[in-house]
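Student: Could you take me through one part of this structure up close, the packing in the middle of the sequence? I'd like to see how the pieces meet there, and then how that ties in with the rest.

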Amino acid sequence: MANVIALPFFLLISLLGIFLLATLFSLDSTFSFWGDPYRAGGFLNFALYIILAIFSFLTLRSSQWEILWNYIFLISIPISLIAIFQQFAIFSSIFVPRQEQIPSTLGGPWALGMYLILVSFLVLALGIGAKQLPKKLLYLAVFAFFAYTIFLTVSQAAYLGFGAGIVYFFFFYPHKLKLLKILAGLGIIAMLLIILFLNTHPGAPLNKNPIVQNVTNWRVDQSRLSAWKVSLEAIKSKPLLGYGPENFSIGFDKFYDPTLPGIERIPSSAAVTTWWDRAHNVLLDIGVQAGIPAILVYLALFGSLLWLLQKSKRFYAKMPPNK
């Protein structure tokens, strides 16, 4: 076991170390350490996440992990319910109605979608692996409920992540599951054909739905593209340790180009004043805040986890069914 986890553990600790150095040499080390409460960032929070992950891995037994997952599912169900209440204006005196991009209790649609993607595939795996039919059906119903909530977020990032997860989960599942894989493949083909049809028939009634419009008219906002260009210039100026955690805005301000479209500064007299404190791209965010080494370690960490996941799946696939 020690040999198996050595690489991702080393990479995780290395990522933490790089962010610590980036905090110590930050252009605003106090803000880098504490972060903004609105964003829940900062090195302290980042370090505590990693410490919690390591502590959980070292202390929880195999039987306790399923209890933990079930607890997370129970928490996620009311989170999804609140999102549905917002979408359909149920209990509107308590929950603020939203016709699109519902945030639930997580602050934004993308955060809600990303969170539910993580728990969705856990509950799906437990559902497929469950031996008792009532338990299997319950897990699969919860998965469908989470998938529906992800659909309501109208978040392109959530849609892309969920779609990629479906492809990876079913086509790289350790057991054959031929029927499910065929159904998943047919579902993906049908979805692509529907999107193609709606793109070539703009007058179709379905195109009036805002969720369908978001799916069929896939695009990257011009303001994001402009911000990414500024981010690349900021990374090139401080490639080793970046500007420090939570200091993206310093690099952005330094290389801000007013001629780029979509990133004009909102005047102070406006009702809402905002500015770029994130690149809205995790790799560029990491690069500006902690440098190119942090990007490389981050990619290597997830690459090693995927490699170990495939290795584990091949191992368990060879085990007898009663094991």
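Tutor: Let's get the axes straight before anything else: an axis here is a line fitted to C-alpha atoms, for helices over the stretch in contact, and angles run from 0 to 180 degrees between N-to-C directions. Helices (H or I, at least four residues) and strands (E, at least two) are DSSP runs, numbered from the N terminus. Keep in mind that this is a predicted model, where local features need pLDDT of at least 70 and side-chain atom pairs count only at pLDDT 80 or more, while totals for chains, interfaces and linings use all residues. Residues are numbered from 1 along each chain as its sequence is written, and side-chain values use heavy atoms, with hydrogens and water left out.

Now the overall layout. The chain has 13 helices and zero strands, so to speak a run of α-α-α-α-α-α-α-α-α-α-α-α-α when read along the sequence. Of its 323 residues, 36% count as buried, where buried means under 20% relative accessible area, exposed over 50%, and partly exposed in between (1.4 Å probe, protein chains only). Among contacts (heavy atoms within 4.5 Å) with a separation of 6 or more, 64% are between residues 24 or more positions apart.

On to the close look, starting with helix 5 and helix 7. Helix 7 covers residues 156-171, and its axis comes within 9 Å of that of helix 5, crossing at roughly 20°. Angles under 35 degrees count as roughly parallel, over 145 as roughly antiparallel, 65 to 115 as roughly perpendicular and the rest as oblique. Helix 5 and helix 7 are therefore roughly parallel to each other. A crossing is left-handed if the near helix is turned anticlockwise from the far one by less than a right angle, and right-handed if clockwise; helix 5 passes helix 7 in a right-handed crossing. From helix 5, Gly 113, Met 114, Ile 117, Ser 120, Phe 121, Leu 124, Ala 125 and Ile 128 meet Ala 157, Ala 158, Gly 161, Phe 162, Gly 165, Ile 166, Phe 169 and Phe 170 of helix 7. By class, that contact has twelve nonpolar, four polar and no charged residues. For the classes, Ala, Val, Leu, Ile, Met, Phe, Trp, Tyr, Cys and Pro count as nonpolar, Asp, Glu, Lys and Arg as charged, and the others, Gly among them, as polar.

Helix 5 (residues 109-129) also packs against helix 4 (residues 62-87), at an angle of about 135° and with the axes 10 Å apart. That makes helix 4 and helix 5 oblique to each other, and their crossing is left-handed. Helix 4 brings Trp 69, Ile 72, Phe 73, Ser 76, Ile 79, Ser 80 and Ala 83 to the contact, and helix 5 brings Leu 112, Tyr 115, Leu 116, Val 119, Leu 122, Val 123 and Leu 126. The split here is twelve nonpolar, two polar and no charged residues.

Helix 4 has another partner in helix 6 (residues 133-152): their axes come within 10 Å and cross at roughly 40°. Helix 4 and helix 6 are therefore oblique, and this crossing is left-handed. Glu 66, Asn 70, Phe 73, Ser 76, Ile 77, Ser 80, Leu 81, Ala 83, Ile 84 and Gln 87 of helix 4 meet Lys 135, Tyr 139, Val 142, Phe 145, Phe 146, Tyr 148, Thr 149 and Leu 152 of helix 6. This contact does include charged residues, two of them, along with eleven nonpolar and five polar.

Ser 80, in helix 4, is a handy residue to zoom in on. At 0% relative accessibility it counts as buried. Leaving out residues up to four places away in sequence, Ser 80 touches Leu 116, Phe 145, Phe 146 and Thr 149.

Just past helix 6, look at Val 154, in the loop between helix 6 and helix 7. Phi of Val 154 is near 50°, a positive value in a residue other than glycine, and Val 154 is buried, with a relative accessible area of 2%. Set Ala 40 beside that: Ala 40 sits in the loop between helix 2 and helix 3 (43-59), and phi is near 55°, again positive in a residue other than glycine. Ala 40, though, counts as partly exposed at 42% relative accessibility.
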